[in-house]
Every structure is written in C-alpha cells, then in structure tokens.
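This report describes the fold shown below, beginning with one helix and its neighbours and ending with the chain as a whole.

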Amino acid sequence: MGALVAGAALLLPTATPGDLSLPAVDVDSAFGATLVDDAKRYERFFYATWILAQIALLTTLWIYARRGAGLTRESSAGPIGTGMLLGMLGLGIAWLVGLPFRLASQWWARRHDQSDLGYLDWVVQDWVVLAAEFLSICLALLVVMSLARRLGERWWLPGAAVFVAIAALFSFVAPYLDYTTDPLRNKALLADARLYERELGLPTIPIRVEKVSNDTDQANAYAFGLGPSRRVVFWDTMLRKPFSKGEQRVVLAHELAHHSQDHLLKGIGWFALFAVPGAWILMRVTRRRGGMGTPEAVPLALLVVVVIQLATTPLANGLSRRMEAEADWKALELTRDPESLEGLMAGFSKTGLGDPDPPHWAQLMLGTHPTLADRVAMARAWAARTESR
Ligand SMILES: [Zn+2]
C-alpha cells in the first residue's frame with residue numbers, strides 16, 4: 001500500500017501551475033452555435049451506443065461467468081489450453097454481442113462524412129482487432145495460469161510485474177514495428193521541431209506522417225515510443241486545411257512535450273499502480289472457482305477484468321487529462337501562441353464534429369483529453385497570465 005502511494009506521489013507532479021483558474025468559455029461564440037448543435041447531435045448517438053454496448057457486454061460476461069465453467073468438461077486440451085479456449089470463446093461471444101453497436105457507430109460516422117472507410121475494409125479492420133485480442137488473451141492466460149499453477153495464490157504480484165514488463169516492452173518496440181508512416185518532409189515544421197527539442201532538452205525525435213486522408217477527414221497526432229524509440233506522428237489530415245501553420249506548430253509542441261515530460265513512461269508507471277491491486281482482486285475473486293490455476297476460473301476472470309477496467313476508467317481518464325493539460329501548457333510556453341491553440345480546437349471540432357462541451361458523465365467515462373472548451377479556456381488563461389506579468 002505504501003509503495004502504491006509513494007508511486008502515485010512520484011507520478012503526479014505536473015508543469016501546469018496549480019493556481020491556474022480557467023475562465024468560463026462561451027462555446028457558441030468560440031466554436032459557432034450551428035457547429036456546436038451539429039456536434040452535440042452527432043455525439044449523442046455515440047453516447048447512447050456506448051451505454052448500450054457496455055450493458056450488453058456486462059450482461060453477456062455475467063451469464064458466461066455463471067455458465068461458461070460447465071464447458072470445461074468437453075475439453076481435453078489440458079488445464080492451460082482449456083483456459084485459453086474458454087478465454088477465446090468468451091472474447092468471441094463478447095465480440096459478436098458488440099458487433100451491432102460497432103456497426104451502428106460506423107454507419108453513423110459514414111452518414112456524417114466522418115469516415116470514408118467501406119464496410120468491407122471496416123470488417124477486415126474489425127477482424128484484425130479480434131485476432132490481436134485472441135493473441136493477447138492467450139498470452140495473458142499463459143502467464144497468469146502458469147504462475148498460479150506454480151505459486152498458488154501468490155501469483156498476483158509476479159503476475160502484475162510480468163504484465164507491466166510486457167507493456168513497457170511493447171511501448172518500446174512499437175515504433176520499430178510501425179510500417180504505416182513516412183518521414184515528415186515539411187522543412188519549416190522540421191526546423192520548429194529542432195527548436196522545440198532544444199528548448200525541452202530532448203534529442204532529435206523523428207517526426208513522421210501517417211496517411212489517413214483516404215479514410216477520414218478527422219485530424220490527429222500522437223507521440224509514442226520510449227527512450228531511443230521515441231517518435232511523433234502527424235496524421236496527414238493535420239497538415240492541410242483548415243489547420244494553419246501556427247496550429248500545426250502547437251500540435252508539434254504538444255506532442256514533443258509528451259516526450260519531454262515522460263508521459264509514456266509515466267503511463268506505464270500508472271499502469272503498474274493499477275495492475276498490482278487489480279491482480280490481487282482477481283486472485284481473491286477467482287478463489288471460489290479454484291483460483292487462476294484452473295480453467296473453471298477463466299469465465300469469471302473475464303467478467304472481473306472488465307468490471308475493474310470500467311470501474312477504474314474515470315480515474316485513468318482523469319490522469320490522462322492531467323497529462324494532456326500539461327502538454328498543452330508546455331505547448332503554450334513553447335509557441336507563445338494562444339490564438340493558434342484556440343484555432344486548433346475550433347479545427348478539431350469542425351473536422352471531427354467533436355462536442356466542445358460534452359456532458360459531465362461522458363467526459364468522466366470517455367474523456368482522455370480536457371474538453372475542447374477547457375483547452376480554449378487554458379489558452380485564454382495563459383494569455384491573461386502572460387499579459388499581467
Ligand atoms: Zn496529447
């Protein structure tokens with residue numbers, strides 16, 4: 001427990017000033033009343049499908065947790081093999097139950113010109129995700145079940161450590177496996193990158209471009225990798241209209257700040273702080289099914305993991321928003337261009353039909369970033385502070 005608290009204390013500090021108060025933002029005047037109305041109507045559909053999909057998933061896994069264990073008698077694959085089969089069966093059922101909701105979301109996005117992806121390509125993508133999930137669950141069960149069969153109930157601590165190690169390894173290796181991006185060729189933006197890296201105390205970080213414009217007009221950028229594998233990726237939609245040079249610079253500074261503030265490493269640290277108690281809870285709850293060494297525990301374990309994930313989502317999103325706010329603050333300090341940050345938010349809302357000011361519960365459960373309205377408010381707060389100095 002003490003270690004968890006100490007870990008949290010180590011990971012919490014942020015460069016965003018603690019006394020920063022965000023001014024109220026009138027979204028209709030900042031984003032345009034028509035756009036706000038359209039975006040609210042557009043997003044409402046996703047909120048409804050999200051809630052229904054969660055209810056369907058939990059109900060399905062609850063039934064599977066009660067009935068699934070009975071299926072072990074049919075299997076002759078050995079305990080771990082049977083556990084993997086039960087894991088894949090549970091995932092497969094959950095995938096099938098979620099399919100109508102994912103399909104409805106894709107239909108809604110296409111209808112609003114937010115996706116140009118054809119249904120065939122969409123199905124292929126959905127299959128790839130399922131295949132990756134099958135692989136992950138087999139790996140996870142292999143780790144947990146073999147540890148539990150050797151160590152009994154003491155598997156949870158080494159089990160959590162293995163998961164954290166896998167997450168760290170994956171974060172480090174992912175950029176080397178990436179074949180979907182090309183180097184950025186925009187000389188002016190590259191020159192800005194070198195300037196910001198110097199100011200942030202970063203080495204040269206490769207800046208790359210991912211071509212998504214055939215599938216969507218939505219704009220995005222991200223930072224990934226650890227240490228020598230660190231990279232920044234722009235979607236090509238971010239490098240064209242309606243985004244100005246200044247707005248692209250803000251995005252660049254924001255992504256580089258994720259690296260200078262070690263946000264990916266801290267993300268792994270937070271994952272560790274969730275994984276340790278999570279594994280302990282899993283051990284305790286699956287006791288009555290014989291523990292994680294027996295395949296009978298697997299259906300219940302799926303339910304427990306999904307419930308833990310859902311229950312910790314508000315906290316995890318809060319931590320993510322805290323880091324995103326810090327990246328915005330650093331971007332303001334680097335670019336000294338609050339107008340561009342504000343323009344960027346209007347651009348995001350326009351190209352992605354994002355609701356600038358979503359309902360509170362939606363921000364709690366789905367908001368990995370501060371709301372667009374809050375990010376505009378931060379730009380204005382930075383400007384006010386700088387003027388008064
Ligand atoms: Zn970010």
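## Helix α7 and its packing

The buried residues of helix α7 make their packing contacts with strand β2, with α8 (245-260) and with α10. As throughout this report, the description rests on a predicted model. Helix α7 covers residues 187-200, and its 14 residues reach 20 Å from the first C-alpha to the last, close to the 20 Å expected at 1.5 Å a residue. Its buried residues are Asp192, Ala193 and Tyr196; seen down the axis of α7 they fall within an arc of 105°, so they line one face of the helix.

The other side of α7 carries the exposed residues Lys187, Ala191, Arg194 and Arg198. After the helix comes Gly201, which has a positive phi, near 70°.

## Strand β2 and its partners

Strand β2, one of the elements against which α7 packs, comprises residues 207-210 and has side chains that alternate along its length: Ile207 and Val209 are buried and point to one face, whereas Arg208 and Glu210 point to the other and are not buried. This can be set beside the general rule that in a regular strand the side chains alternate between the two faces of the sheet.

Strand β2 pairs with two strands in the lines of bridging described here: with β1 (residues 181-183) the pairing is antiparallel and runs over three bridges, while with β4 (residues 231-235) the strands run parallel and are joined by four bridges. In the pairing with β1, Glu210 of β2 is the bridge partner of Thr181, and on the β4 side Ile207 stands opposite Val232.

## Helix α13

Helix α13 spans residues 372-387; its 16 residues reach 23 Å from first C-alpha to last, close to the 22 Å expected at 1.5 Å a residue. Its buried residues include Leu372, Val376, Met378 and Trp382, and also the charged-type names Asp374 and Arg375. The buried residues of α13 pack against α2 (27-31), α10 (298-335) and α11 (338-352), and α10 is also among the elements that the buried residues of α7 pack against.

## The chain as a whole

The protein chain contains 13 helices and four strands. Its radius of gyration is 23 Å, close to the 21 Å that the globule rule gives for 389 residues, so the chain is as compact as a globular protein of that length. Taken along the principal axes, the C-alpha atoms fill a box of roughly 70 × 45 × 40 Å.

Of the 389 residues, 32% count as buried. Among contacts between residues at least 6 apart in sequence, 78% join residues at least 24 apart.

Definitions and conventions. Residues are numbered from 1 along each chain as its sequence is written. This is a predicted model: local features need pLDDT of at least 70, side-chain atom pairs count only at pLDDT 80 or more; totals for chains, interfaces and linings use all residues. A residue is buried if 20 or more other C-beta atoms lie within 10 Å of its own, exposed if 12 or fewer, and partly exposed in between; C-beta atoms are placed from the backbone. Two strands pair if DSSP finds at least two bridges between them. The expected span of a helix is 1.5 Å times one less than its number of residues. Two residues are in contact if their C-beta atoms, placed from the backbone, lie within 7 Å. The arc is that of the directions from the helix axis to the C-beta atoms. The radius of gyration is taken over C-alpha atoms; the globule rule is 2.2 Å times the number of residues to the power 0.38.
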